[in-house]
Amino acid sequence: AKEVGAFGGDRLTVKITNAFGWDLPISYQSNVGSPTIIGNPSTNTFLAGSNTQVVVTRNFAGAIFIGKSFDPANSKIEISFNAPQGYRPGVDVSYVDGYSVPITCSCGGVPVTGCNIPLFRTGRTCPQNGPGDKVICYNPKKLINAGPADPFFQPCQGAAYTYPDDHGANAYGKCDGGDIQCCVGIGCPRPGQQHGKRSLEEWGFGNETEIPAGFT
């Protein structure tokens with residue numbers, strides 16, 4: 001089977017780098033009626049500094065969940081490759097259910113979705129903490145379509161989904177070459193729509209331009 005190109009191919013590959021510095025739980029979901037990810041990967045541990053990838057076929061829609069625990073509200077990468085979109089790849093980073101770790105995704109080397117700001121370190125109060133210390137923050141806007149984002153999530157509004165209609169995070173139409181690379185961590189490349197304090201140095205988190213090893 002050939003890989004996807006611009007409006008062609010029947011498989012889509014999404015590569016992911018764990019630059020967070022910790023081993024992280026990773027899990028996968030296929031939407032109802034969607035084909036499963038090739039190889040049907042199971043819930044696992046994503047080792048620090050390692051890379052993984054998922055390969056999906058046409059008509060796929062689903063998500064990859066990454067966090068500090070196996071919580072279904074973890075930060076997630078949403079992927080689509082289905083007929084209503086003309087088999088054009090779609091990808092976004094979503095914190096609609098909750099935030100656990102920062103994730104960004106790039107297409108053809110250009111960051112297009114996600115937010116590399118570590119929200120637990122901005123000084124803003126999480127409206128509903130999950131179990132553990134700064135493991136996950138549940139999003140109170142999960143079922144509220146319109147913005148603005150809750151103040152805790154606001155630094156990532158428009159870059160990652162922070163409420164259901166936060167469509168600035170949608171990278172549909174930006175990934176037709178099929179080269180999708182996602183990255184977990186504060187050193188990951190940030191998309192241009194990430195707003196507020198754009199530089200991680202402004203937040204006091206170091207050099208935002210540092211690209212983690214293994215992410216090309």
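These exercises walk through the fold of one predicted model.

Residues are numbered from 1 along each chain as its sequence is written. As the model is predicted, local features need pLDDT of at least 70, side-chain atom pairs count only at pLDDT 80 or more, and totals for chains, interfaces and linings use all residues, while side-chain values use heavy atoms and leave out hydrogens and water.

**Exercise 1. The chain as a whole**

Task: State how many helices and strands the chain has, and in what order they run.

Solution:
- Take the elements from DSSP runs: helices are H or I runs of at least four residues, strands are E runs of at least two, and both are numbered from the N terminus.
- The count is one helix and 12 strands.
- Now read from the N terminus: the order is β-β-β-β-β-β-β-β-β-β-β-β-α.
- Next, burial. A residue is buried under 20% relative accessible area, exposed over 50%, and partly exposed in between (1.4 Å probe, protein chains only).
- By that rule, 51% of the 216 residues count as buried.
- Last, contacts, meaning heavy atoms within 4.5 Å. Of the contacts with a separation of 6 or more, 62% are between residues 24 or more positions apart.

**Exercise 2. An open sheet**

Task: Give the strand order of the five-stranded open sheet, and say which strands stand at its edges.

Solution:
- Two strands pair if DSSP finds at least two bridges between them.
- The order is β3-β2-β5-β6-β7, with antiparallel pairing.
- β3 (44–46) and β7 (90–94) each have a single partner strand, so one side of each is left without a neighbour in the sheet.
- From one strand to the next, the twist averages 25°. Angles run from 0 to 180 degrees between N-to-C directions, and axes are lines fitted to C-alpha atoms, for helices over the stretch in contact.
- Step through the pairs. Three bridges join β2 (residues 24–30) to β3. One match is Pro-25 with Thr-45 in β3.
- β2 and β5 share five bridges. Here Tyr-28 stands opposite Ile-64.
- β5 and β6 (residues 75–81) are joined by seven bridges. Ile-66 has Ser-75 of β6 as its bridge partner.

**Exercise 3. The faces of β5**

Task: Decide whether the two faces of β5 are covered or open.

Solution:
- Begin with a general point: in a regular strand the side chains alternate between the two faces of the sheet.
- One side of β5 holds Phe-60, Gly-62, Ile-64 and Ile-66, all buried.
- The other side holds Ala-61, Ala-63 and Phe-65, also buried.
- Both faces are therefore covered. Seven of the seven residues in β5 (residues 60–66) are buried.

**Exercise 4. The nonpolar core**

Task: Name the residues with the most contacts inside the largest nonpolar core.

Solution:
- Such a core is a set of buried Ala, Val, Leu, Ile, Met, Phe, Trp, Tyr and Cys residues joined through side-chain atoms within 4.5 Å.
- The largest has 42 residues.
- Ile-16, Ile-66, Ile-77 and Tyr-95 have the most contacts inside it.
- Look at Ile-16. Residues up to four places away are not counted; among those it touches are Phe-46, Ile-64, Ile-66, Ile-77, Cys-182 and Val-184.

**Exercise 5. Ser-94**

Task: Locate Ser-94 and list what it contacts.

Solution:
- Ser-94 is in strand β7.
- Its relative accessible area is 2%, so Ser-94 is buried.
- Leave aside neighbours within four places in sequence: Ser-94 then contacts Ser-75, Lys-76, Glu-78 and Tyr-161.
- The side chain of Ser-94 also reaches the backbone nitrogen of Val-96 at 3.1 Å.

**Exercise 6. Aromatic rings**

Task: Classify the ring pairs Tyr-95 with Tyr-99 and Tyr-99 with Phe-152.

Solution:
- Rings of Phe, Tyr and Trp (its six-membered ring) pair if their centres lie within 6.5 Å; planes under 30 degrees apart are stacked, over 60 edge-to-face, the rest tilted.
- The whole structure has six aromatic pairs.
- Tyr-95 and Tyr-99 have centres 5.1 Å apart and planes at 80°, so this pair is edge-to-face.
- Tyr-99 and Phe-152 have centres 6.4 Å apart and planes at 65°, so this pair is edge-to-face.
- Tyr-99 lies in β8 (residues 98–99) and Phe-152 in the loop between β11 and β12 (180–184), so the pair ties together parts 53 residues apart in sequence.
- Tyr-95, Tyr-99, Phe-120, Phe-152 and Phe-153 form one aromatic cluster.

Technical notes
A polar contact is a pair of N or O atoms within 3.5 Å; within protein, one must be able to donate a hydrogen and the other to accept it, and residues adjacent in sequence count only if both atoms are side-chain atoms.
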